[in-house]
Amino acid sequence: MNIFEEYLNIIRNLILKNQKSLKIKNLNEFKGVIVEIPPSEFDYELSCNICLILGKINKINPKQLAKEVKDLIKNHLKEFSKVDVAGPGFLNLKLSNKSLIQNINNILENKSTYGKKKSNNKYNIEFVSANPTGPMHVGHCRGAIYGDVLANLLRFNGNQVTKEYYINDYGTQIVNFVKSVFLRIREIKFNEKFVVNKDLYPGDYIISIGQKIISLNKAQKFENFENSFEFLKKEALKHSMELIKSDLRKLGIVHDKFFSESELVRNKKVDKAIDQLKDSNYVLNGYLQPPKGEKNKNWKKIERLIFKSTLFGDDTDRAIQKDDGSWTYFANDIAYHMDKVERKYNYLVNVLGADHTGYIKRIEAAVSALSQNKVKLNCKVCQLVKLYKNGEPFKMSKRAGDFISADDLLKEVSKDALRFMMLNRSNDVELDFDFNKVLEKNKENPVFYVQYSFARISSILRTLNKSLEEKIVIDPSQFETNDFEIRIIKKVFEWPKIIETSSTKYEPHRIPYYLYELATLFHSYWSKGNEDKKYRIIENGKIKNTGTLATIILTSIVLQRGMSILGVSLPDKM
RNA sequence: GCGCCCUUAGCUCAGUUGGAUAGAGCAUCGGUUUUCUAAACCGAGGGUCGUAGGUUCGAAUCCUUCAGGGCGCGCCA
C-alpha cells in the first residue's frame, strides 16, 4: 500500500473523466505526475503536480487549470476535506478525517510489510569479495554493509536475493600469500628468519595461520615450498577465509554463496565462456595498443586473444590471455559472470571499491556480450573510507602491513554504530569515519539518536502496560491529533517512498537519513510535553487519545522496519 | 592524455526522472529539567548550490565550457 499512488490514481481518474471540459488532449500517460508531501509549513497531507505537467503539455496556464481541477475535486472527491492551489499550480490536499483514519488503520494492520514495494525478481549481489590473502579492513566494511543492506531491502520488497562472494584464490597473489605462510612456518619450526620483501605479506595473521596449520598437521615436514604448495594453499586459504567469514559474522553479514575462482579454472568454465564469445565474434586474435597511463616495462606487443569490449562501450579492447597463453584475471571473471547469467538472475549487482572503477565498463560489457544484452550488470562503487581518530588520519595500506582491520575496528565500535555510520552517506562520496564520534552517546551520533527515540517509545508503552504486538484499531469517535502528531504521521506516510527510491536506485543511505528525521520529530514532540502539559503523551497514567497512541505506534513500526533493513538493533531500554 | 566520482552554510553532508521561501548535524550565540528517559528540546545568525554560458513559464537538478579535489588507466588480482 502506498498512499501516494492510491490518491494519484483517484485524481488521475477524475481528470480522465473530465478530459473534455478541461480541454486536455495530450495526457502523455501522466508521465512525471506525482503525489507527494508538501513542504512542512503547509497544513496539508498531500500535494500534486498534475496541473503543472498537464498545463505544460497542453499549453494551458497551470494555475488556471489547477483552479478548475480544484473545483472538480471539491465536487466529486470526498477523500479530501480541503483543496487549494499554491505556488505555480500545485494542488494541496487535506485528507478527510475518515481517509486519514483509514490510512492509519491500514498501516496498523500491515505492520510487518508497511512500505513494501512489491516485486518478485531474482537478484544476485556480489559484494566484499576481498582477496583471501588476509582479514578484512575498514574499506571492505563499507562495501560489505552496503551490499548486505541492499540485499535486505530487496528481500523486504519480496525479491529473491543471492548474496555472493567471489574468492580470488588463483594467480600470483595467492602464490605470494602461500609463500608467506610457508616462510612463517619455517620461521616457527626451524628458526629461519622471515625476511620481508615487497612480494610477501608481513602481517601477524600470517603467523597465526602458520601456527594453526602446524598444530593441525603434525606429520607435515614443510621441507620445500614446491612440494608443500598444493597442500599449503588449501590449508592457508581455508584459514584465511575463516578469518574473513568471522569478520563478516561480526558485522552481521552471512553470504549465501562463495564462488571459487580456481574452481572455475579447473572446471574449464573459462574455456567454455571464451568459446561462446568466439562464436559470436566478440573474441578474436589480435594486437592491443600500449597502455596510455604510466609506462609499463612488462608490456609486449604479442598476438593474443582479445575481447572486443569496445563494441559494448568500453574505452579499449581487453586482453584475455597473458604472454604465456594463460588466462588473465578478466578472462576468469568473464567465466564467472557467464555462470551467473546461466543461473538466470533478472538483475546482477556488483559492489566494488573505488579502486576498481576502471574495471566496470569491461565487465558490464562482458555480461552484455554473454547474455545477448538480456541481463544487465549494475556495478555500484563505494568510495573510500577515511578513518580518523584524535584528529589523526589512519593509514590502511595492506602492503605495509599496518592496515586497520575490521576486527580491530569492531573491538572499539559496535556493529550497530558501524553499520549505521557506513550507510549514513551516499555510496559515491568519500566517507570520513570518526572513531570518537561513533563512541559518543548523543545527538552527534545518529545511531544512538534513532535508537533513543525508540527507547522512549518503549518506555511509554511500559508505563501504559501495552505491547507493540497488541492489535490496535482506531476508534474514529475518539480520534484527535495535534500539530506534532500530524507532522509525525505525515512523515510516516512518506516511508514507502523512501523504500521505493532506495531500492530502485540502490541507494540505501536514504533510510538512515529518513529515520533520523523521524526520530527528530518524535523527540521534538516528546520535549514539547515537558514545556507544555497539554502536549504530554501520558496523562494520569493513561494515553491521551487514540490519535496519540496511533502516532507513537506508527513511529515505532517505521523505526522497526527501517532498522531491521539496516541490520541495526533497536533496544527498548537504553 | 583518457575514464569514473565529487564541488551546496565556517566544517561534514542530504536534496538531481526540472517545481513552492535550497535543508540537516556540528561549530557560534541565547534559552528550557517539581517530567512519560535532558543520552533530549526550543530560538538566532549563517547561502551567488565551484565558474561561465545554454535549454524554459521555472534549474542545485538537464546540456556545453572552464577550474579545483579524489580514484583508476597491466599482458597484476
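At what angle do H7 and H8 pack, and how far apart are their axes? In this predicted model, the angle is about 70 degrees and the axes lie 8 Å apart. Angles of 65 to 115 degrees count as roughly perpendicular, so H7 is roughly perpendicular to H8. The two helices cross in a right-handed sense. From H7, the contact draws on Phe177, Ser180, Val181, Arg184, Ile185, Ile188 and Lys189. These residues meet Tyr205, Ile206, Ile207, Ile209, Gly210, Gln211, Ile213 and Ile214 of H8. By class, the contact of H7 with H8 holds ten nonpolar, three polar and two charged residues.

Helix H8, residues 204-216, also packs against helix H9, residues 225-250. Their axes come within 10 Å and cross at roughly 120 degrees. This angle makes H8 oblique to H9. The crossing of H8 past H9 is right-handed. On the H8 side, the contact residues are Tyr205, Ile209, Lys212, Ile213 and Leu216. On the H9 side, they are Phe231, Leu232, Glu235, Ala236, His239, Ser240 and Leu243. Eight residues of this contact are nonpolar, two are polar and two are charged. Tyr205, Ile209 and Ile213 of H8 thus appear in the contact with H7 and in the contact with H9.

A further helix pair is formed by H6 (residues 138-156) and H18 (residues 483-504). The axes of H6 and H18 are 10 Å apart, at an angle of about 125 degrees. H6 is therefore oblique to H18. The crossing of H6 and H18 is left-handed. Leu153, Leu154 and Phe156 of H6 meet Ile499, Ser502 and Ser503 of H18. Four nonpolar and two polar residues make up the contact of H6 with H18, with no charged residue.

The protein surface near RNA strand B was examined next. Around RNA strand B there are 72 residues. Phe90, Lys300, Asp323, Tyr449 and Ser459 come nearest to the strand. By class, the surface near RNA strand B comprises 26 nonpolar, 24 polar and 22 charged residues. Of the strand atoms within 4 Å of the protein, 61% belong to sugar or phosphate. The rest belong to bases.

Individual polar contacts involve both sugar and base atoms of the RNA. An N or O atom in the side chain of Thr172 lies 3.4 Å from a sugar or linking oxygen of RNA strand B. The side chain of Asn530 places an N or O atom 3.0 Å from a base oxygen of RNA strand B. At Ile538, a polar backbone atom is 3.1 Å from a base oxygen of RNA strand B.

Several elements give two or more residues to the surface near RNA strand B. They are helix H3 (50-58), strand E4 (90-95), helix H7 (172-190), helix H17 (446-464) and helix H19 (510-531). H19 gives the most, with nine residues. H7 therefore both packs roughly perpendicular to H8 and contributes to the surface near RNA strand B.

Note on methods: Residues numbered from 1 in each chain as written. Chains lettered and ligands numbered in written order. Predicted model: local features only at pLDDT ≥ 70, side-chain atom pairs only at ≥ 80, totals over all residues. Heavy atoms only, no water. Axes fitted to C-alpha atoms, helices over the stretch in contact; angles between N-to-C directions. Helix = DSSP H or I, 4+ residues; strand = E, 2+ residues; numbered from the N terminus. Parallel < 35°, antiparallel > 145°, perpendicular 65-115°, else oblique. Left-handed = near helix turned anticlockwise from the far one by under 90°. Contact = heavy atoms within 4.5 Å. Nonpolar A, V, L, I, M, F, W, Y, C, P; charged D, E, K, R; others polar. Near = heavy atom within 4 Å. Polar contact = N/O pair within 3.5 Å; in protein donor to acceptor, adjacent residues only side chain to side chain.
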